[in-house]
Amino acid sequence: MKDHILVLGGTGKTGRKVVSRLTQRNYRVRIGSRSQQPSFDWQDPSTWGPVLTGIDRVYISFQPDLAVPGALEAIEELTKQAQRHKIKQLVLLSGKGEKEAELCEQVVIHSGIDYTIVRASWFNQNFSESFFLEPILAGQVALPRATTKVPFVDTDDIADVVVASLLEKRHQGNIYELTGPRSLTFPEVIQEIATATGREINFTSISLQAYTSMLKEFQVPEDYIWLINYLFTEVLGDEKNSQITQDIEKVLGRKPKDFSEYVLETSGTGVWNHQS
Ligand SMILES: NC(=O)c1ccc[n+]([C@@H]2O[C@H](COP(=O)([O-])OP(=O)(O)OC[C@H]3O[C@@H](n4cnc5c(N)ncnc54)[C@H](OP(=O)(O)O)[C@@H]3O)[C@@H](O)[C@H]2O)c1
């Protein structure tokens with residue numbers, strides 16, 4: 001019988017694509033998240049055992065981010081429970097340029113369980129399924145780091161690399177750094193989306209301090225503001241993170257999806273035209 005694979009965050013941006021690719025190949029898949037039965041909650045380690053029971057391999061997408069306080073302890077505890085449940089393989093989704101996330105990677109690397117680390121750049125889908133969607137719908141995007149080039153990567157490519165890592169032995173023990181084929185600035189991104197949708201979307205360059213003050217005004221939770229501040233400082237503040245890597249092509253034998261292709265596909269769904 002084919003292996004039973006647990007996908008943590010299996011209804012999320014990368015997880016749901018991993019789930020659909022595995023089920024298409026007739027793998028038995030269990031989704032780990034708060035809304036499933038049995039429920040898996042990162043805040044409550046007592047919920048993890050039942051979800052790990054009977055599982056062979058695990059895809060780990062942590063919530064909200066491996067850089068947040070408490071993430072390291074959670075990954076340490078998860079790997080301990082995984083050892084007890086005789087899990088054969090762990091594939092960890094990590095963030096490119098996040099030093100704290102690398103500490104979590106080390107825990108997985110030294111767990112004694114076969115592993116692959118998938119270290120991704122910022123996702124294209126942040127503009128359609130996450131925090132940048134709302135300002136795009138409002139037609140007013142104000143962000144810091146307007147001149148920083150970001151090699152946005154598509155969650156289709158991440159899911160393909162994760163699935164290859166779960167199913168093909170040659171990926172064991174590798175750390176893959178995933179980027180898209182081009183680095184773009186935020187104003188370039190917004191311009192592409194505006195052109196594809198035929199909408200007027202203004203971009204304003206603001207300081208990180210002004211941005212976090214604005215988030216406070218909108219009553220965004222403090223821990224979320226902490227994370228945004230961290231990501232804009234640590235990840236976008238380091239030029240190394242603008243560099244393009246070849247790992248998607250190395251793993252999949254094809255080029256990564258270009259940002260324009262993502263924009264074309266996504267504008268066809270109408271998600272950028274619905275005012276909530
Ligand atoms: N966005 C980026 O640009 C980027 C770049 C690099 C790395 N990453 C990493 O990607 C990871 C997130 O992956 P993703 O974007 O695929 O997921 P996502 O879309 O953020 O994930 C949502 C999923 O997580 C579950 N979830 C939320 N809170 C949970 C909790 N407390 N306990 C258990 N499950 C919970 C949700 O289901 P329920 O609501 O049912 O619980 C859902 O399945 C993070 O670790 C982040 O650091 C993100």
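1. A residue counts as buried here if 20 or more other C-beta atoms lie within 10 Å of its own, with C-beta atoms placed from the backbone. By that rule, 39% of the 276 residues of the protein are buried. Note that this is a predicted model.

2. Overall dimensions come next. The C-alpha trace spans about 55 × 40 × 35 Å along its principal axes. The radius of gyration of the protein is 19 Å. A compact globule with 276 residues would have a value near 19 Å, so the two agree.

3. On contacts, consider pairs with a sequence separation of 6 or more. Residues 24 or more positions apart make up 78% of these contacts in the protein.

4. The secondary structure amounts to 11 helices and eight strands. Six strands build an open sheet. Their order is 2-1-3-4-5-7, and the pairing is parallel.

5. Which strands stand at the edges of the sheet? They are strand 2 (28-32) and strand 7 (175-178). Each has a single partner strand, so one side of each lacks a neighbour in the sheet. From one strand to the next, the twist averages 15°.

6. Take the pairing of strand 1 with strand 2. Strand 1 covers residues 4-8 and pairs with strand 2 in the parallel sense, over five bridges. Within this pair, L6 is opposite R30 of strand 2.

7. Helix 6 (residues 155-167) packs on the sheet. Its contacts are with strand 1, strand 3 (57-60), strand 4 (89-95), strand 5 (114-120) and strand 7. The direction of helix 6 makes about 170° with that of strand 5.

8. The ligand deserves a look. How many residues surround the ligand? The count is 25. The closest are G12, T14, S33, R34 and S35. By class, the shell around the ligand divides into 13 polar, eight nonpolar and four charged residues.

9. Is R84 buried or exposed? R84 lies in helix 3 (residues 71-84). It has 10 other C-beta atoms within 10 Å. A residue is exposed if that count is 12 or fewer, so R84 is exposed.

10. R84 can also be placed relative to G49. The two are 35 residues apart along the chain. Their C-alpha atoms are separated by 9.2 Å.

How values were computed:
Residues numbered from 1 in each chain as written. Predicted model: local features only at pLDDT ≥ 70, side-chain atom pairs only at ≥ 80, totals over all residues. Near = placed C-beta within 6 Å. Nonpolar A, V, L, I, M, F, W, Y, C, P; charged D, E, K, R; others polar. Pairing = 2+ DSSP bridges. Helix = DSSP H or I, 4+ residues; strand = E, 2+ residues; numbered from the N terminus. Axes fitted to C-alpha atoms, helices over the stretch in contact; angles between N-to-C directions. Contact = placed C-beta atoms within 7 Å. Rg over C-alpha atoms; globule rule 2.2 N^0.38 Å.
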